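Thank you all for making time for this. I would like to walk through one structure with you, and I will go residue by residue before I turn to the chain as a whole.

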Amino acid sequence: ELASSSGPASPAVTIDPAIAQGMQIYQAQSCNACHGDAGAGTAAAPKLAGIHGKFDAEQLTKLLKAPTDKMVGGGMAPLDMQPDSLKALVSYLESL
């Protein structure tokens with residue numbers, strides 16, 4: 001039997017720690033300055049929301065470490081960070 005809540009209906013949201021860490025990295029690295037909050041995109045850079053449908057985790061990791069010429073031309077610098085941090089960032093991007 002499922003227990004029911006007696007309080008107001010509010011969905012319990014559990015955020016994966018890797019996604020939460022990735023979101024902090026996204027903000028700390030100022031990715032949101034160009035790609036927008038939650039990867040919504042801006043005039044400066046394309047949206048990242050839904051990018052998981054275009055690239056898998058391995059491809060995203062490679063792109064972040066070695067951006068394309070077009071990405072570099074737009075101001076994207078190669079990311080040099082610890083593997084766990086990069087994995088967390090990719091997890092966040094995949095969650096968008």
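Let me start at Cys31, which counts as buried because its relative accessible area is 16%, below the 20% cut-off used for that word. Please keep in mind throughout that what you see is a predicted model. Cys34, by comparison, is partly exposed, with a relative accessible area of 32%.

With two cysteines in view, how many disulfides does the structure hold? The count is zero. A disulfide, as a reminder, is a covalent bond between the sulfur atoms of two cysteines. The cysteine sulfur closest to that of Cys31 belongs to Cys34, and the two are not bonded because 8.7 Å is too far for a bond; a pair would have to lie within 2.5 Å to be counted. Seen from the other side, Cys34 is likewise in no disulfide, its nearest cysteine sulfur being that of Cys31.

His35 belongs to helix 2, which covers residues 31-35, and it is buried, with a relative accessible area of 14%. Where does the side chain of His35 reach a backbone oxygen? That oxygen is the one of Pro46, at 2.8 Å. If we set aside residues up to four places away in sequence, His35 touches Tyr26, Ala40, Gly41, Thr42, Ala45, Pro46 and Leu48.

One name in that list, Tyr26, takes us to the aromatic residues, where the count comes to one aromatic pair. The partners are Tyr26 and Tyr92, with 5.3 Å from centre to centre and 55 degrees between the planes, and the pair is classed as tilted. This pair links distant parts of the chain, since Tyr26 sits in helix 1 (residues 17-28) and Tyr92 in helix 5 (residues 83-95), 66 residues apart. Are these two rings' residues buried or exposed? Tyr26 counts as buried at 2% relative accessibility, and Tyr92 is buried as well, with a relative accessible area of 6%.

Next comes Asp56, which lies in the loop between helix 2 and helix 3 (57-65). At 40% relative accessibility, Asp56 counts as partly exposed. Its side chain reaches the backbone nitrogen of Gln59 at 2.8 Å. The C-alpha atoms of Asp56 and Val90 are separated by 9.3 Å, with these positions 34 residues apart along the chain.

The last residue I want to show is Leu79, found in the loop between helix 4 (69-73) and helix 5, and it counts as buried because its relative accessibility is 14%. Leaving aside neighbours within four places in sequence, Leu79 is in contact with Gln29, Leu64, Lys65 and Leu89. For Lys65, 14 residues away along the chain, the C-alpha separation from Leu79 is 5.0 Å.

Let me finish with the whole chain. Its secondary structure comes to five helices and zero strands, so that, in the notation for elements from the N terminus on, the order reads α-α-α-α-α. Of the 96 residues, 25% count as buried. Among contacts with a separation of 6 or more, 53% come from residues 24 or more positions apart. The chain exposes about 6800 Å², and carbon and sulfur atoms supply 55% of that area.

Key
Residues numbered from 1 in each chain as written. Predicted model: local features only at pLDDT ≥ 70, side-chain atom pairs only at ≥ 80, totals over all residues. Heavy atoms only, no water. Phe/Tyr/Trp six-rings, centres within 6.5 Å; stacked < 30°, edge-to-face > 60°. Helix = DSSP H or I, 4+ residues; strand = E, 2+ residues; numbered from the N terminus. Buried < 20%, exposed > 50% of the residue type's maximum accessible area, 1.4 Å probe, protein only. Contact = heavy atoms within 4.5 Å. Areas by Shrake-Rupley, 256 points an atom, 1.4 Å probe, with all protein chains shown as cover. Polar contact = N/O pair within 3.5 Å; in protein donor to acceptor, adjacent residues only side chain to side chain.
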